[in-house]
Amino acid sequence: MPKSLGKTKKRSKRAKSLKLIWKERHQNLYRTSMEFRDTERENSENISLTDNCEITATCSSTKLCQPLLETNTTGPSFVTTGILTKEEIEIVPKEESPIQGNRIVELGYVLEWATSLQFNHSKICSVGKLIIVEEIQKGKGLTSTIIFQCNFCDERYAYDTENPNRPKSAINVGAVWGTLATGSSYEHMTEFLSCMNIPAMNGKLFYELEAELGKEWEASLYGSMENANSREEIAIKQQQICSDGTP
Ligand SMILES: [Zn+2]
C-alpha cells in the first residue's frame, strides 16, 4: 500500500471515530436535558418549566475538548462517563420569533433551502441549532430576507423568500399588476394584506412598479395600434373592404 494512502485511511478511521463520539455526545446531551427537565418539573415549585423554554448545555471548552483528547485511549466509551451534571445545564426562556404574521413566498424555492439548511450546517457544526434572528423587509416589498444564526458557533446565513436571481420580483410585480387590473388602488391592496396579516408593500415601491407597468402597457398598446394600421393598409391595397367601408 502506498504510504500516502495508508495515512489517508488512518485519518479517515480517526474522523469516523470522532464523528461517532460527537453524535453520541449530542444524543446524550439531549437525553440528560430531558431528564433534568422532568426532574425539575416534579421537584420544584419555584421553577416554572413549560414548553416555551429551551434547555441548553453550558459546557466549558475543556469539557468539549475532552472526547477529542480521549479518542485514542477510551474511544466511544467516553459517552458512559461524560454525562452532564445539573450545573452544566441552563434553562433559557424561548425568545419570540422575529417573524410574525403571514407571508407570500415562492414556496418551491423556500422549501428547497429550508429543508437543507440545518443539514448542511451540521456538516461543519454538529451540535448547533440554527435560529431565526432577523427578517429584513426594507425595500423588498412583499418578499424578505431571513437571517439565521447558529446558537453554538454564531455562523450566519441569509435566505430570500423569493429567488433573487429573477430579473423582476414576480410576487411584487404580480401584486401591483393584479391590484391595477382589478381597478383597485394601493390603499385597497394594503387593506387586503392587512386582513390576511401580511406586512404591506411600501407605497414608494408600489408607485415605482406602477409607473414601470404603465410604460410597458403604453409600449404594448402602441405596438398593437401599429400592427392594426399595417393590417389596414394591406387590406386597402388588396381592396378587401367590407360593405360598410371598413378595410
Ligand atoms: Zn454552528
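Start with the whole protein: buried residues make up 9% of its 247 residues. Buried means that 20 or more other C-beta atoms lie within 10 Å of the residue's own; exposed means 12 or fewer, partly exposed in between, with C-beta atoms placed from the backbone. The model is predicted: local features need pLDDT of at least 70, side-chain atom pairs count only at pLDDT 80 or more, and totals for chains, interfaces and linings use all residues. Numbering runs from 1 along each chain as its sequence is written.

Colour by secondary structure. There are 7 helices and 5 strands, taken as DSSP runs numbered from the N terminus (helices H or I, at least four residues; strands E, at least two). Along the sequence the pattern reads α-β-α-α-β-α-β-β-β-α-α-α.

Turn on contacts (C-beta atoms, placed from the backbone, within 7 Å). Of those with a separation of 6 or more, 63% link residues 24 or more positions apart.

Select the sheet next. It is open, holds 3 strands in the order β3-β4-β5, and its pairing is antiparallel. Strands pair if DSSP finds at least two bridges between them. At the edges sit β3 (130–136) and β5 (156–160), each pairing on one side only. From one strand to the next, the twist averages 25°.

Zoom to β4, residues 145–150: 5 bridges join this strand to β5, and the two run antiparallel. Pick Gln149; opposite stands Arg156 in β5.

Finally, select helix α4, residues 107–122. Helix α4 packs on the sheet and touches β3, β4 and β5. Its direction makes about 130° with that of β3. Axes are lines fitted to C-alpha atoms, for helices over the stretch in contact; angles run from 0 to 180 degrees between N-to-C directions.

How values were computed: Contact = placed C-beta atoms within 7 Å.
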